[in-house]
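Here's a quick tour for anyone meeting this protein for the first time. Have a look at the structure, then read on.

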Amino acid sequence: MHKLDQIDLDILTALQADGRITNVALAKQVGLSATPCLERVKSLEAAGLITGYVARLSAQALGLGLTVFVQIAIERTSQNLFEAFREAVRAIPEIEECHMVAGGYDYLLKVRVPDMEAYRTFLGAVLSGIPGIRETHSYPVMEEVKDSGTLSLGHLQAQT
């Protein structure tokens, strides 16, 4: 893993809070001049610690008011079936996240759709079309309690 000092951690924290911060403002915030700050950011990007910059959108304001977590069990555990499933999932825009998990099922999906009617259509017309699915369990979200979109960096403090 890339060796991080406190300035690197401060840069990562600041960029997570505001990915549009100017280099000059970032440098001032972390106690560097502009050129060394930019070099640090480029180094963090090159090391793969910063993978990109995005705008966080409001799903609610954009009409995607229903989030559903879906447990997926695959018919049989074969590499070909897993790859076919992953490829199909990557092509479905309603699926925001997909994680292969250990335990009683194989995958956990996070799906965003406008409402329950749209989810019913998604389940019947889209998800059921993915080959190899044996079973699904759906969990509609009643309330989003936390969605920070940031990673905790506290465990890295001891490295500095």
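A residue counts as buried when its relative accessible area is under 20%, as exposed when that value is over 50%, and as partly exposed in between. C98 sits at 30% relative accessibility, so this cysteine goes down as partly exposed. Keep in mind that you're looking at a predicted model.

**Overall build**

- The protein has 5 helices and 4 strands.
- Start at the N terminus and the elements come in the order α-α-α-β-α-β-β-α-β.
- The C-alpha trace spans about 55 × 40 × 25 Å along the principal axes of the protein.
- How does the radius of gyration of the protein stand against that of a compact globule of 160 residues? The protein comes out at 20 Å, while such a globule would have a value near 15 Å.
- Take the contacts with a separation of 6 or more: 66% of them join residues 24 or more positions apart.

**Surface and charge**

- Of the 160 residues, 28% are buried.
- The accessible surface adds up to about 10400 Å², and carbon and sulfur atoms hold 55% of that.
- There are 14 positive and 19 negative charges in the protein, and the mean positions of these two sets are 4 Å apart.

**Cysteines**

- A disulfide is a covalent bond between the sulfur atoms of two cysteines.
- How many disulfides does a search of the whole structure find? The count is 0.
- Is C37 buried or exposed? Its relative accessible area is 0%, and anything under 20% counts as buried, so C37 is buried.

**I72, in strand β1**

- You'll find I72 in strand β1, and that strand covers 66-74.
- I72 is buried because its relative accessible area of 0% falls under the 20% cut-off.
- Setting aside neighbours within four places in sequence, I72 has contacts with F85, Y105, D106, Y107, L109, L127, I133, E135 and T136.
- How far apart are I72 and R134 in space? They're 62 residues apart in sequence, yet their C-alpha atoms are 7.6 Å apart.

**E75, in the loop after β1**

- E75 belongs to the loop that links β1 (66-74) to α4 (79-90).
- With a relative accessible area of 48%, which lies between 20% and 50%, E75 is therefore partly exposed.
- Which residues does E75 touch once neighbours within four places in sequence are left out? They are L81, G132, I133 and R134.
- E75 and R90 are 15 residues apart in the sequence, with 19 Å between their C-alpha atoms.

**D147, after β4**

- Look for D147 in the segment that follows β4 (133-140).
- D147 has a relative accessible area of 35%, so it falls in the partly exposed range between 20% and 50%.
- Leaving out residues up to four places away in sequence, D147 is in touch with R56, K110 and R112.

Note on methods:
Residues numbered from 1 in each chain as written. Predicted model: local features only at pLDDT ≥ 70, side-chain atom pairs only at ≥ 80, totals over all residues. Heavy atoms only, no water. Helix = DSSP H or I, 4+ residues; strand = E, 2+ residues; numbered from the N terminus. Rg over C-alpha atoms; globule rule 2.2 N^0.38 Å. Buried < 20%, exposed > 50% of the residue type's maximum accessible area, 1.4 Å probe, protein only. Contact = heavy atoms within 4.5 Å. Areas by Shrake-Rupley, 256 points an atom, 1.4 Å probe, with all protein chains shown as cover. Lys, Arg positive; Asp, Glu negative; His and termini not counted. Charge placed at Lys NZ, Arg CZ, Asp CG, Glu CD. Disulfide = S-S within 2.5 Å.
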